[in-house]
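The following exercises ask the reader to work through one protein chain step by step. Each task is followed by a worked solution.

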Amino acid sequence: MPKITAQGKTFECDRGANLRQALLANGIDLYSPRAHYINCMGIGTCGTCAIAIEESVEGAISATNWKDRARRSLPPHDPQKNLRLACQTQVFGDIRVTKFEGFWGHEDKIAWQAEK
Ligand code: FES
């Protein structure tokens, strides 16, 4: 089973699991404090579940889909940044996750990394 390391925790998920659901189920602060209460619940429209993903091997996560690309093409996101929407990402192998500051997780300052 794939392993996810985020915010100082490492846990397993089913192959093909939705990353947003896996992070929330394991108590990870996927959202910024305000976005925790105001988000699209995983339909790919708000952009607040943005995170950076380090893959252990190529193919450890699904390819970006059109919702992910479309939302991250709009401000305050920058499509040149190497972010993904957790709600639009499936996990197939071991990954490490980083979250950035800002309501949308779009700023340059790191909120938390794989290890705390
Ligand atoms: S939860 Fe809104 S885009 Fe992912």
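Two strands are said to pair if DSSP finds at least two bridges between them. By this criterion strand 4 and strand 7 pair, for four bridges join them, and they run antiparallel. The model under study is predicted.

**Exercise 1. Determine how many helices and strands the protein chain has, and in which order they run.**

Solution.
Step 1. The protein chain contains two helices and eight strands.
Step 2. Read from the N terminus, the order is β-β-β-α-β-α-β-β-β-β.
Step 3. The radius of gyration is 13 Å, close to the 13 Å that the globule rule gives for 116 residues, so the chain is as compact as a globular protein of that length.
Step 4. Along the principal axes, the C-alpha trace spans about 35 × 30 × 25 Å.
Step 5. Consider contacts between residues at least 6 apart in sequence: 61% of them join residues at least 24 apart.

**Exercise 2. Identify the strands that pair with strand 7, and state the sense of each pairing.**

Solution.
Step 1. Strand 7 covers residues 95–100.
Step 2. Strand 1 is joined to strand 7 by two bridges, and these strands run parallel. Here Ile4 has Ile95 as its bridge partner.
Step 3. Strand 4 is joined to strand 7 by four bridges in the antiparallel sense. Glu54 is partnered by Arg96, and Ile53 stands opposite Val97.
Step 4. Strand 8 pairs with strand 7 over two bridges, again in the antiparallel sense. The bridge partner of Phe100 is Ile110 in strand 8.
Step 5. Strand 4 also pairs with strand 5, residues 84–85, over two antiparallel bridges. In that pairing Ala50 is matched with Leu85.

**Exercise 3. Describe the largest nonpolar core and state which elements supply at least two of its residues.**

Solution.
Step 1. The largest nonpolar core has 21 residues. Those with the most contacts inside it are Ile4, Leu23, Cys49, Ile51 and Ala86.
Step 2. Strand 1 (3–6), helix 1 (19–25), strand 4 (50–55) and strand 7 (95–100) each supply at least two residues of this core.
Step 3. Take Ile4 as an example. Beyond its neighbours within four places in sequence, Ile4 is in contact with Phe11, Cys13, Ala22, Val91, Ile95 and Val97. Among these contacts is Ile95, which is also the bridge partner of Ile4.
Step 4. In soluble globular proteins, nonpolar side chains tend to be buried together.
Step 5. For the protein chain as a whole, buried residues make up 31% of the 116 residues.

**Exercise 4. Decide whether Gln7 and Met41 are exposed or partly exposed, and state what is notable about the phi angle of each.**

Solution.
Step 1. The cut-offs are needed here: a residue is buried with 20 or more other C-beta atoms within 10 Å, exposed with 12 or fewer, and partly exposed in between.
Step 2. Gln7 lies in the loop between strand 1 and strand 2 (9–12). Because Gln7 has 19 C-beta neighbours inside 10 Å, it counts as partly exposed.
Step 3. Met41 is placed in the loop between helix 1 and strand 4. Met41 is exposed because 9 other C-beta atoms lie within 10 Å.
Step 4. Gln7 is not a glycine, yet its phi is positive, at about 50°. Met41 is likewise not a glycine and has a positive phi of about 65°.

**Exercise 5. Characterise the surroundings of Phe92 and of Glu107.**

Solution.
Step 1. Phe92 belongs to the loop between strand 6 (90–91) and strand 7. With 16 other C-beta atoms within 10 Å, Phe92 is partly exposed.
Step 2. Leaving aside neighbours within four places in sequence, the contacts of Phe92 are Pro2, Arg15, Gly16, Gly59, Ala60 and Ile61.
Step 3. Glu107 is in the loop between strand 7 and strand 8 (110–112). Glu107 is partly exposed, since 13 other C-beta atoms lie within 10 Å.
Step 4. With the sequence neighbours within four places again set aside, Glu107 is in contact with Phe100, Glu101 and Gly102.
Step 5. Glu107 and Asp78 are 29 residues apart along the chain, and their C-alpha atoms are separated by 9.8 Å.

**Exercise 6. State which peptide bond is cis, from Pro75 to Pro76, and where Pro76 lies.**

Solution.
Step 1. The bond from Pro75 to Pro76 is cis, with omega near 5°.
Step 2. Pro76 is located in the loop between helix 2 (66–72) and strand 5.

Note on methods: Residues numbered from 1 in each chain as written. Predicted model: local features only at pLDDT ≥ 70, side-chain atom pairs only at ≥ 80, totals over all residues. Core = buried A, V, L, I, M, F, W, Y, C linked by C-beta atoms within 7 Å. Contact = placed C-beta atoms within 7 Å. Rg over C-alpha atoms; globule rule 2.2 N^0.38 Å.
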